[in-house]
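Let's take a walk through this fold together, one element at a time. Keep the viewer open and follow along as we go.

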Amino acid sequence: MNDALTDVAGLRVGHARVPGDRALSGTTVVLAPPGGVIAAVDVRGGGPGTRETDALDPRNLVQRIEAVVLTGGSAYGLDSASGVMAWLEEQGRGVRVGPDPSHVVPVVPAACVFDLGRGGDFTARPDASTGRAAVEAAAAGGERAPVECGSVGAGTGAVVGGMKGGVGTASLVLDSGVTVAALVVANAVGSAVDPATGVLYGRYGDGSGTVPPDPRVHAEAQRRLAAARERSGRPSLNTALAVVATDADLTRAQAHKLAGTAHDGIARAVRPAHLLNDGDTVFALATGARPLADPARAEQPLDPVALNQVYAAGADAVTRAMVRAVTAAGSVTGPGGDFPAYRDLYGPD
């Protein structure tokens, strides 16, 4: 186990960065195994940027998807999904729409974060080539490969309340043997840090027994962060994204509920969350490898406790992944702004 989204067997993750000295953006792709996975989405932020999310409505046609794209570049960056579509088409992966196996339409849901200009060049954002590079990196990764965290992929230019954000991931295994995992892009108007103590909000409920930083360290960190915000001269925009996944055999409606409850993990880690300036979006994926009900007793209804455990674990995984995103990120200082990292303000995690 790598404490990562890839602990859900079959899922792979790839990152790509926009090239250029004044570019601070990128794309992350979650690639499903051939044949796809059950998927759902829940959007809570007031300013979302998304693509193909209506296809995930349980009332609609598409049953399974092959990939999810998380990207920087605001709405411009959604173009990265077209590069993923092109790669999937070349592999013959997608919804069959004709008699020939090559007649497919890949459905690639995507969501974006706002990072425009954070490297100094407002026009430096992901495009189709960035998406292709990210999906190729995912495909090249081995089964259950570790996932790089911090200022990579869609988290390259991420900022949380003026502090550097990034990509984070986490996983856990339930007593039933079901794996639940999450991958996030931490990028929000709200703060990840309690201004009274310096403790990451996500640490309050994770059982880590967090000891608050020395008050003098915290005071200096707050002074440095305020100065960085003033130098940057712009508000911290937006969005927290997450993919929560499980190997449990969920229906599309159950996956939709998982996406919704996973938003609790964002709200525990960033305060405030789900604002008008945010586009907070959670995708849920289910590979279906592990049944939640005993197949020998199919006549009995599914015990809701089994589902509740998956839902609660999804929120916990998102919170832990948010903490990891912030603690793994590195400071950035450049023409687009000054974004200090938690580890540089408060010391190594």
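A good place to begin is helix α4, in what is a predicted model. At 1.5 Å a residue, its 18 residues should span 26 Å, and the end C-alpha atoms of α4 lie 27 Å apart, which agrees. The helix covers residues 252–269 and packs on a sheet, where it touches β3, β13 (241–248) and β14. Its direction makes about 45° with that of β3. Many residues of α4 are buried, including Arg252, Leu258, Ala262, His263 and Ile266. What covers them? Among the elements that cover the buried residues of α4 are β3, β13, β14 and α5.

Now look at the sheet beneath your helix. In which order do the strands of this open sheet run? There are 5 of them, arranged β3-β14-β13-β12-β11, with mixed pairing. The edges are formed by β3 (38–43) and β11 (166–173), each of which pairs on one side only. On average, neighbouring strands here are turned by 15° against each other, direction ignored. At the β3 edge, the partner strand is β14 (residues 281–290), and the two pair in the antiparallel sense over 6 bridges. To find the register, pick Val43, whose bridge partner in β14 is Thr281.

From here we can move to the nonpolar interior. The largest nonpolar core has 49 residues, and those with the most contacts inside it are Met163, Leu292, Val318 and Met322. At least two residues of this core come from each of β3, β12 (179–186), α3 (215–232), β13, α4, β14, α5 and α6 (342–346). The largest share, 12 residues, is supplied by α5. Val318 is a handy one to click on: setting aside its neighbours within four places in sequence, it is in contact with Ala182, Val184, Ala242, Ala262, Gly265 and Ile266. Another core, of 32 residues, lies apart from this one, and Leu11, Ile65, Val68 and Ala245 are among its members.

While you are looking at helices, stop at Thr327, which lies in α5 (residues 304–328). Is Thr327 buried or exposed? Its relative accessible area is 12%, which is under the 20% cut-off, so Thr327 counts as buried. The side chain of Thr327 reaches the backbone oxygen of Arg324 at 3.3 Å.

Our last stop is another set of paired strands. Strand β5 (residues 67–71) has 5 of its 5 residues buried, so it is largely enclosed by the rest of the structure. In a regular strand, side chains alternate between the two faces of the sheet. Both faces of β5 are covered, with Ala67, Val69 and Thr71 buried on one side and Val68 and Leu70 buried on the other.

Which strands does β5 pair with? One of them is β2 (residues 26–31), in the antiparallel sense over 5 bridges; another is β8 (residues 110–112), in the parallel sense over 3 bridges. Leu70 links the picture nicely: it is the bridge partner of Thr28, and it stands opposite Ala111 in β8. Next to that, Thr27 has Thr71 as its bridge partner in β5.

Strand β2 is buried too: 6 of its 6 residues are, so β2 is largely enclosed by the rest of the structure. On one side sit Gly26, Thr28 and Val30, and on the other Thr27, Val29 and Leu31. β2 also pairs with β1 (residues 12–17), in the antiparallel sense over 6 bridges, and there His15 has Thr28 as its bridge partner.

Definitions and conventions. Residues numbered from 1 in each chain as written. Predicted model: local features only at pLDDT ≥ 70, side-chain atom pairs only at ≥ 80, totals over all residues. Heavy atoms only, no water. Pairing = 2+ DSSP bridges. Helix = DSSP H or I, 4+ residues; strand = E, 2+ residues; numbered from the N terminus. Axes fitted to C-alpha atoms, helices over the stretch in contact; angles between N-to-C directions. Contact = heavy atoms within 4.5 Å. Buried < 20%, exposed > 50% of the residue type's maximum accessible area, 1.4 Å probe, protein only. Polar contact = N/O pair within 3.5 Å; in protein donor to acceptor, adjacent residues only side chain to side chain. Expected span 1.5 Å × (residues − 1). Core = buried A, V, L, I, M, F, W, Y, C linked by side-chain atoms within 4.5 Å.
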